Amino acid sequence: MSKKDPSDKDDVTGVAGFEKIARGLSDLFNVLADFDQLPRRGRHEKDGRVMEYSFGTRTLGEAAAEKRTSEERPTRSETPPQRAAKRSSLEVLEPVTDIFDEPGEMVLLFELPGVERKDVRCVLDGDILLLEAKAGERLYRKETLIEEKLAAGSPHLNLRNGVLEVRLNKQT
């Protein structure tokens, strides 16, 4: 390993690096000496020059650790990478829905042509009923807000001739 010339401007280690730090601190103290009772952050103008600053404290160890982590992070390019959406042949449809408010229960009817019972998913989550059903290249999806207070339990489903009947019991 060869010794570097102390006058080399790119040398940031050893004596040359220390000289740069000392020179920078000296310049900083000269600027700060011109201001009386300087707060921790602010903006000052003098002789057509503007200085915005804020002071904080940290140890040399914290500064070195911060520098190491910033060097370890991969650099990002200015523009984010373009991502292409995956094409899907699946057509998403919202089924025609009828809601009936009966004395002891809520009845919802969904038109789902071509759907089989095994391809139906119906979940009551709080006050939202989620219906998903798949038929070939079609996906029927509907979220319905149920404002009534319902009894705990899963919905009762009955699929007949492409019409799904969902029964939800009300609280008594």
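**Exercise 1. Find the bridge partner of Glu105 in S10, then place both strands in their sheet.**

Solution.
- Step 1. Glu105 has Asn169 as its bridge partner in S10. The model is a predicted one.
- Step 2. Widen the view to the strand pair. Seven bridges hold S5 and S10 together, in the antiparallel sense.
- Step 3. Add the other side of S5. S4 and S5 run antiparallel and are joined by five bridges. Asp101 is the residue opposite Met106 in S5. Three residues make up the hairpin between S4 and S5.
- Step 4. Add the other neighbour of S10. Strand S10 (residues 163-169) pairs with S9 through five bridges, again antiparallel. Here His156 has Arg167 in S10 as its bridge partner.
- Step 5. Assemble the sheet. Its four strands follow the order S4-S5-S10-S9, and the sheet is open with antiparallel pairing. Strand S4 (97-101) and strand S9 (156-160) each have a single partner strand, so one side of each lacks a neighbour in the sheet. On average, neighbouring strands are turned by 15° against each other, direction ignored.

**Exercise 2. Decide whether Glu105 is buried or exposed, and trace its salt bridge.**

Solution.
- Step 1. Start with the strand. Strand S5 (residues 105-111) has five buried residues out of seven, so the rest of the structure largely encloses it.
- Step 2. Check the residue. The relative accessible area of Glu105 is 17%. Buried means under 20%, so Glu105 is buried.
- Step 3. Find the partner. Glu105 and Arg167 form a salt bridge through their side chains, at 2.2 Å from N to O. Glu105 lies in strand S5 and Arg167 in strand S10, 62 residues apart, so distant parts of the chain are linked.
- Step 4. Check that partner. Arg167 has a relative accessible area of 25% and is partly exposed.
- Step 5. Extend the link. A salt-bridge network connects Glu102, Glu105, Glu165 and Arg167. In the whole structure, nine salt bridges are found.

**Exercise 3. Work out the strand order of the sheet that contains S8, and locate a salt bridge between S6 and S7.**

Solution.
- Step 1. Read the order. This open sheet has four strands, S3-S8-S7-S6, with mixed pairing. Strand S3 (91-93) and strand S6 (120-125) are its edges, each pairing on one side only. From one strand to the next, the twist averages 15°.
- Step 2. Take the S6 edge. S6 runs antiparallel to strand S7 (residues 128-135), with six bridges between them. Asp125 has Ile128 in S7 as its bridge partner.
- Step 3. Look at the side chains. Arg121 and Glu132 meet in a salt bridge of 2.7 Å, N to O. Arg121 is in strand S6 and Glu132 in strand S7, so the pair ties together parts eleven residues apart in sequence. Arg121 is partly exposed, at 44% relative accessibility.

**Exercise 4. Is Thr144 buried or exposed, and which residues is Thr144 in contact with?**

Solution.
- Step 1. Place Thr144. Strand S8 (residues 138-145) holds this residue.
- Step 2. Judge its cover. Thr144 has 7% relative accessibility and counts as buried.
- Step 3. List the contacts. Beyond neighbours within four places in sequence, Thr144 touches Ile99, Leu108, Phe110, Asp127, Ile128 and Leu129.
- Step 4. Turn to Glu143. Glu143 is partly exposed, at 48% relative accessibility. Glu143 forms a salt bridge with Arg141, with the closest N and O atoms 3.1 Å apart. Arg141 is also partly exposed, at 33%.

Methods. Residues numbered from 1 in each chain as written. Predicted model: local features only at pLDDT ≥ 70, side-chain atom pairs only at ≥ 80, totals over all residues. Heavy atoms only, no water. Pairing = 2+ DSSP bridges. Helix = DSSP H or I, 4+ residues; strand = E, 2+ residues; numbered from the N terminus. Axes fitted to C-alpha atoms, helices over the stretch in contact; angles between N-to-C directions. Buried < 20%, exposed > 50% of the residue type's maximum accessible area, 1.4 Å probe, protein only. Contact = heavy atoms within 4.5 Å. Salt bridge = Lys/Arg side-chain N within 4 Å of Asp/Glu carboxyl O.
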